[in-house]
Amino acid sequence: MYEDFGGILINGGNRGLGLGFVKQLLSQAPQKIFATYRSAKTAKELLELAANNPRVLIPILADSTCEEDVSNVAKMVSQETSKLDLVINCVGYLHNVQHGPEKSLRQINANQLLESAKVNALPTLLLAKYFQKLLKHDQPSVFSAISARVGSIEDNRMGGWYSYRGSKAMLNMMISNIAIEFHRTNPNTKVLVLHPGTVCTRLGDPFSKNVTPENFFSI
C-alpha cells in the first residue's frame with residue numbers, strides 16, 4: 001500500500017539530465033522517485049542507484065514514445081503512491097550515427113525528421129495524458145519538460161537544425177496547450193518548459209567546441 005505523500009516521476013532517468021535529477025533528488029527528497037529507462041544497456045548507473053536505495057528509487061523499463069508503455073507506467077506508479085508532486089520529461093533526441101543536425105535543406109531526411117518529432121514531442125503529451133490524475137490534488141504540483149531555446153520561432157536567427165528546431169517548437173506548443181488545459185482541470189499544477197542550455201551530456205558534448213566555457217554547463 002502506498003504512503004500518503006507525493007512521489008516524483010523522471011522520464012528518461014538513466015543518463016544525462018535525467019540521471020542528474022535522480023542523483024540530486026535522492027539527496028533531498030523524502031518521496032519515492034520513479035525513473036524510467038529505455039534499455040538496461042544505458043541504465044547501469046541508475047540501476048545501481050536503485051539497488052542501493054530500494055525503498056526510494058524505483059526504476060521502470062519503458063519506451064515513452066509508446067502509449068501502451070506510458071499507460072502501464074502510470075498504473076505501476078498508482079500502485080505505489082496516490083499522488084505525484086513532480087513529473088519531468090528528460091527524454092530528447094538530436095542526432096544519431098547516420099545523421100547530424102541539418103545545416104541546409106540538402107541534408108533533410110524524412111526519417112530523421114519524424115524520429116525527432118516522435119522523441120522530442122510525443123512523450124510529453126503522453127505523460128500529461130496519463131499522469132494528469134496523479135498530479136491533481138490539493139497541494140502544489142509541477143509538470144515539466146526539457147526543451148531548448150532553438151525551438152523558439154521568434155529567437156531563430158541562424159536557421160539550420162531543421163528536425164531539432166521543429167520538434168522542439170512542436171514540444172513548446174504542446175506544453176502551451178497542456179498549460180491551458182491544466183489551468184482548468186488541474187489548477188494546482190504548474191506547467192513548465194525548461195531550457196538548460198548546452199550541457200555536458202551525450203547530446204551536448206559534440207557541440208561544446210562552438211560554445212564558450214561559461215555557457216557550457218555541467219550536470
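**Loop residues, helix H1 and an internal cavity in a predicted model**

Ser-147 touches Lys-168, Leu-171, Asn-172, Val-193, Leu-194, His-195 and Pro-196, residues up to four places away in sequence being left out of the count. The structure described here is a predicted model. Ser-147 itself is located in the loop that runs between strand S5 (141–146) and helix H6 (162–185). Its relative accessibility is 5%, and the residue therefore counts as buried, the limit for this class being under 20% relative accessible area. Among the neighbours of Ser-147 is Asn-172, and the side chains of these two residues make a polar contact at 2.6 Å.

The loop between S5 and H6 also holds Gly-151. With a relative accessibility of 5%, Gly-151 is likewise classed as buried. Beyond its neighbours within four places in sequence, Gly-151 is in contact with Arg-165, Lys-168, Ala-169 and Asn-172. For one of these, Arg-165, the C-alpha atom lies 4.6 Å from that of Gly-151, although the two residues are 14 apart in sequence. Lys-168 and Asn-172 appear in the contact list of Ser-147 and also in that of Gly-151.

A further residue of the loop between S5 and H6 is Trp-161. Trp-161 is not a glycine, yet its phi is positive, at about 50 degrees. Most residues other than glycine have a negative phi. The relative accessible area of Trp-161 is 26%, so that this residue is partly exposed.

At the level of the whole chain, the model contains 6 helices and 8 strands. Read from the N terminus, these elements follow the order β-α-β-α-β-α-β-α-α-β-α-β-β-β. The chain has 219 residues, of which 42% count as buried. Of the contacts between residues at least 6 apart in sequence, 69% join residues at least 24 apart. The accessible surface amounts to about 12300 Å², and carbon and sulfur atoms account for 54% of this area.

Helix H1, formed by residues 16–26, has Gly-18, Leu-19, Gly-20, Val-22 and Leu-25 as its buried residues. The elements that cover these buried residues include strand S1 (7–11), strand S2 (33–37), strand S3 (57–61) and strand S4 (84–89), together with helix H2 (44–52).

Thr-81 occupies the loop between H3 and S4. Thr-81 counts as buried because its relative accessibility is 3%. The side chain of Thr-81 reaches the backbone oxygen of Lys-83 at a distance of 3.0 Å. Thr-81 and Gln-31 are 50 residues apart along the chain, and their C-alpha atoms are separated by 9.4 Å.

Ser-64 lies in the loop between S3 and H3. At 8% relative accessibility, Ser-64 falls in the buried class. When neighbours within four places in sequence are set aside, the contacts of Ser-64 are with Asn-11, Val-70, Val-91, Pro-123 and Leu-126. With Asn-11 there is also a polar contact, made between the two side chains at 3.1 Å. The C-alpha atom of Ser-64 is separated by 8.5 Å from that of Thr-124, a residue 60 positions away along the chain.

Ser-64 also takes part in the lining of the largest cavity, as do Asn-11 and Val-70. A search of the whole structure identified 1 cavity of 30 Å³ or more. The space within the largest cavity is about 40 Å³. In addition to the three residues already named, Thr-36, Ala-62, Val-73, Leu-127 and Phe-131 line this cavity. Helix H3 (67–80) and helix H5 (122–135) each provide at least two residues of the lining. By class, the lining comprises 5 nonpolar and 3 polar residues, with no charged residues. The side-chain contact between Ser-64 and Asn-11 thus joins two residues that both belong to the lining of the largest cavity.

How values were computed: Residues numbered from 1 in each chain as written. Predicted model: local features only at pLDDT ≥ 70, side-chain atom pairs only at ≥ 80, totals over all residues. Heavy atoms only, no water. 1 Å grid on protein atoms, 1.4 Å probe; cavity = no way out; pocket = protein on both sides within 12 Å on 5 of 7 lines; lining within 4 Å. Points joined across faces, edges and corners; volume = space filled by probe spheres on them. Helix = DSSP H or I, 4+ residues; strand = E, 2+ residues; numbered from the N terminus. Nonpolar A, V, L, I, M, F, W, Y, C, P; charged D, E, K, R; others polar. Buried < 20%, exposed > 50% of the residue type's maximum accessible area, 1.4 Å probe, protein only. Polar contact = N/O pair within 3.5 Å; in protein donor to acceptor, adjacent residues only side chain to side chain. Contact = heavy atoms within 4.5 Å. Areas by Shrake-Rupley, 256 points an atom, 1.4 Å probe, with all protein chains shown as cover.
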